[in-house]
Every structure is written in C-alpha cells, then in structure tokens.
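Colleague: I'm new to reading protein models. Could you take me through one, a feature at a time?

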Amino acid sequence: MRKPLIAGNWKMNLDRQRGVELSQAVAAGVKSPDKVDVAYCPPFVYLEAVGAALRGTPVAWGAQDMSYEAAGAFTGEISASMLLDLGCTYVILGHSERRHIFGETDQDVNRKTLAALAAAGPLVPIVCVGELLAEREAGQTATVIRRQFEAAYSGVTEEQALRTVIAYEPVWAIGTGKVATPEQAEEVHLDLRKLLTARYNAGVAERVRILYGGSVKPDNAGSLLGQPNVDGALVGGACLKAEDFLGIIAATLS
C-alpha cells in the first residue's frame, strides 16, 4: 500500500511572515502523519524560515526547482547540496511552468533528476509530466506522457526510481479552475504505472507514488484521491490557505 503524499507548491506567492504562519497552521492541523506524508515547497528565499517553522513537525519541506550543476559560476542557480543544507526532503522538477514559460526541455528535467538522485542525502525528486490542451484534444496525451517519462528516467536505475515521485499535471488544468475528471486522471496514472513496469518491473511500479496536480481543492480531492492509482496531490493555489490544504490532506483519510 502506497502512503499518500500531499505536496504544496507555493509558486511565487506569500512573504516570509505569512509563509511561516501558514506553515505553522498546517503543521498543527496534520493529525495522522502515519497515514499521509505532507510537504511544503516555498520559494527559495523562504526555505530557511519555513524549515525552521516545520522542523520537528509532521510536515517536510522542499524546493520548487534546482540546477543540474553541482557548483560553479551559474548566477542565480541553486544546487542540490544547498537544498540539503537547508533540510529539504523534496524538489519539484519539470513543472509545466518551468517547461512552458522558461523553456526547460525533457533533457533538462533528466539532468536535474539525475543530479537530485546523486546528491549526498535524501533529496526526493517530484518529476512532473503533463500535456497541453491542444495535445489532449489531438489525442496525443499518452504519447506526450511517454516521451516525458522516458526522457526524465533515462539513466535512472531501479534503486533510484524507487526514490522518486511522479506528478501528473495536465497543463490545461493548472490554475485554470478546470480539473481532469477522476477517470481521466486515473487513465494517465495507470499508463504511468505501466511505463514503470515496462522500464523496470511490477515491483517498482507498485511502489512509486504518482500524484495528481491541477486545480485540486477540498471539494474535488476525495474523488481524485479515491482512484486506485492516484497516490496524492501536487497542490497549487489551494495550499496557500491552511483550511483548504488541510481539507485536501483530510481527503486522503476518508
């Protein structure tokens, strides 16, 4: 049985004080840490403050991105070792906004995934995949997901794959209020499970968690998280309010 993971991606929102207060409120509201993993991914500049607020609580923290370089003259970049130095457990890689706004390629995502897995610590990559609206309407969803998955996991060993999380985020459902139906989400999650089986084996496929991301809210979380291959959620806007985020967390327990 895969333990659900609910991860909150703050994107470029909040300030230090509000972020700390939000983190404390959520940490105080997580009542069943043995049944669900919870993580917050604030902007880089608030990682230290949020980490201090969450240390010793059931809520882990992580980053929204990282460099594939270990160190050097890369102005503005953040390395895996820096994230580990701040106590991060997770890092989101290949988010659709990184791909489609900032031009990250499948190869960039692969290099970052390998760098996260090679880091000297438990840095868990949350590897994002997802199709555009035009790609879904053209019946290309499965092809796009396969391409992104195969690229991201190129060179990733079986042992390393077990240390990853996948997030399916249909680009057309991110920040739009549109949500994939539970059946649409389950179909892609099942396809990803089959891709893991084909690339590795059934044992790996059964253990790797696959999250859904795309306008998840308390009122739709239950139906999405109730699907057999949906192992949690990568939450955007709804994670910025403690009541909403806790409502989504609670949906994993119902």
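Colleague: How much area does the protein chain expose, and what share of it do carbon and sulfur atoms supply?

Modeller: Accessible areas come from the Shrake-Rupley method with a 1.4 Å probe, and for residues only the protein chains shown count as cover. Here the chain exposes about 11,200 Å², with 53% of that supplied by carbon and sulfur atoms. Before we go on, this is a predicted model: local features need pLDDT of at least 70, side-chain atom pairs count only at pLDDT 80 or more, and totals for chains, interfaces and linings use all residues. Residues are numbered from 1 along each chain as its sequence is written, and side-chain values use heavy atoms, leaving out hydrogens and water.

Colleague: Okay. What percentage of the residues are buried?

Modeller: Buried means under 20% relative accessible area, exposed means over 50%, and partly exposed is in between (1.4 Å probe, protein chains only). In this chain, buried residues make up 54% of the 254.

Colleague: And how many helices and strands does the chain have?

Modeller: Both are DSSP runs numbered from the N terminus: helices are H or I with at least four residues, strands are E with at least two. This chain has twelve helices and eight strands.

Colleague: Let's try one helix. Which residues of α7 are buried?

Modeller: First, the general idea: an α-helix has 3.6 residues a turn, so residues three or four places apart point the same way. In α7 the buried ones are Thr 141, Val 144, Ile 145, Gln 148, Phe 149, Ala 151 and Ala 152. They sit on the same side of α7 because their arc around the axis is only 165 degrees, taking the directions from the helix axis to the C-beta atoms. Among the elements covering them are α5 (106-118) and α9 (182-199).

Colleague: What is Ile 210 in contact with, beyond its neighbours within four places in sequence?

Modeller: Contact means heavy atoms within 4.5 Å. For Ile 210, the partners include Ile 166, His 189, Leu 192 and Val 230. Ile 210 lies in strand β7 and is buried, at 0% relative accessibility.

Colleague: Last one: which loop holds Lys 11?

Modeller: Lys 11 is in the loop between β1 (5-9) and α1 (16-29). Look at its backbone too: phi is about 55 degrees, a positive value, although Lys 11 is not a glycine. Lys 11 is partly exposed, at 21% relative accessible area. Ser 215 also has a positive phi without being a glycine, near 60 degrees, but Ser 215 is buried at 13%.
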